[in-house]
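Work through these exercises with the model open beside you. Try each task before you read its solution.

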Amino acid sequence: MIVTFIGTDRSETAVNAAQVTFVSSVTDGTRIRFGEGRSVTVTEPIAEVVETLNRGLRPHE
């Protein structure tokens with residue numbers, strides 16, 4: 001499932017929740033890491049990012 005966040009450059013960023021390997025808090029917001037050293041930093045706080053990713057992984061209700 002694809003979920004969207006706001007990147008630190010204020011552009012929308014689409015993330016495939018199933019590919020996320022690690023989420024960490026950074027000064028600018030939250031860093032979302034994927035395989036092969038890829039990452040994106042978004043402005044949302046870590047709790048909101050985790051909730052949004054989890055919601056994206058749940059079966060449709």
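In what order do the elements of the protein run from the N terminus on? They run β-β-β-β-β-α. Helices (H or I, at least four residues) and strands (E, at least two) are DSSP runs, numbered from the N terminus. The protein has one helix and five strands.

Some ground rules come next. This is a predicted model, with residues numbered from 1 along each chain as its sequence is written. Local features need pLDDT of at least 70, side-chain atom pairs count only at pLDDT 80 or more, totals for chains, interfaces and linings use all residues, and side-chain values use heavy atoms, with hydrogens and water left out.

**Exercise 1. Describe the overall size of the protein.**

Step 1. Take the box. Along the principal axes, the C-alpha atoms fill roughly 35 × 25 × 20 Å.

Step 2. Check the radius of gyration. It is taken over C-alpha atoms, and the globule rule is 2.2 Å times the number of residues to the power 0.38. For 61 residues, a compact globule would have a value near 10 Å; the protein has 11 Å, which agrees.

Step 3. Look at the surface. The protein exposes about 4,100 Å², and carbon and sulfur atoms supply 49% of it. Accessible areas come from the Shrake-Rupley method with a 1.4 Å probe; for residues, only the protein chains shown count as cover.

Step 4. Look inside. Buried residues make up 31% of the 61 residues. Buried means under 20% relative accessible area, exposed over 50%, and partly exposed in between (1.4 Å probe, protein chains only).

**Exercise 2. Trace the first hairpin, β1 and β2.**

Step 1. Find the pairing. β1 and β2 pair in the antiparallel sense over five bridges. Two strands pair if DSSP finds at least two bridges between them. I2 stands opposite N16 in β2.

Step 2. Follow the side chains of β2. In a regular strand the side chains alternate between the two faces of the sheet. Along β2, T13 and V15 point to one face and are buried. E12, A14 and N16 point to the other and are not buried.

Step 3. Inspect the loop. The hairpin has five residues between its strands. R10 is found in this loop. Its phi is positive, about 75°, although R10 is not a glycine. With a relative accessible area of 63%, R10 is exposed.

**Exercise 3. Map the open sheet and its helix.**

Step 1. Which order do the three strands of the open sheet have? The order is β3-β4-β5, with antiparallel pairing.

Step 2. Why is one side of β3 and of β5 left without a neighbour in the sheet? β3 (20–26) and β5 (39–42) stand at the edges, and each has a single partner strand, so one side stays free of a neighbour.

Step 3. Add the twist. Neighbouring strands of this sheet are turned by 20° against each other on average, direction ignored. Axes are lines fitted to C-alpha atoms, for helices over the stretch in contact, and angles run from 0 to 180 degrees between N-to-C directions.

Step 4. Zoom in on one pair. β3 and β4 (residues 29–34) pair in the antiparallel sense over six bridges. V23 stands opposite I32 in β4. The two strands form a hairpin with two residues between them.

Step 5. Place the helix. Helix α1 (residues 46–57) packs on the sheet and touches β3, β4 and β5. The direction of α1 makes about 160° with that of β3. Contact means heavy atoms within 4.5 Å.

Step 6. Visit the loop between β4 and β5. E36 is found there. Phi of E36 is near 60°, a positive value in a residue other than glycine. At 78% relative accessibility, E36 counts as exposed.

**Exercise 4. List the largest nonpolar core and examine residues in the interior.**

Step 1. Define the term. A nonpolar core is a set of buried Ala, Val, Leu, Ile, Met, Phe, Trp, Tyr and Cys residues joined through side-chain atoms within 4.5 Å.

Step 2. Name the members. The largest core has 10 residues: V3, F5, V15, A17, I32, F34, V40, V42, V49 and L53. The elements that give two or more residues to this core are β1 (2–6), β4, β5 and α1.

Step 3. Pick V40. Leaving aside neighbours within four places in sequence, V40 is in contact with T13, V15, T30, R31, I32 and F34.

Step 4. Turn to T52. T52 lies in helix α1. Is T52 buried or exposed? T52 is buried, with a relative accessible area of 13%. Beyond neighbours within four places in sequence, T52 is in contact with V3 and F5.
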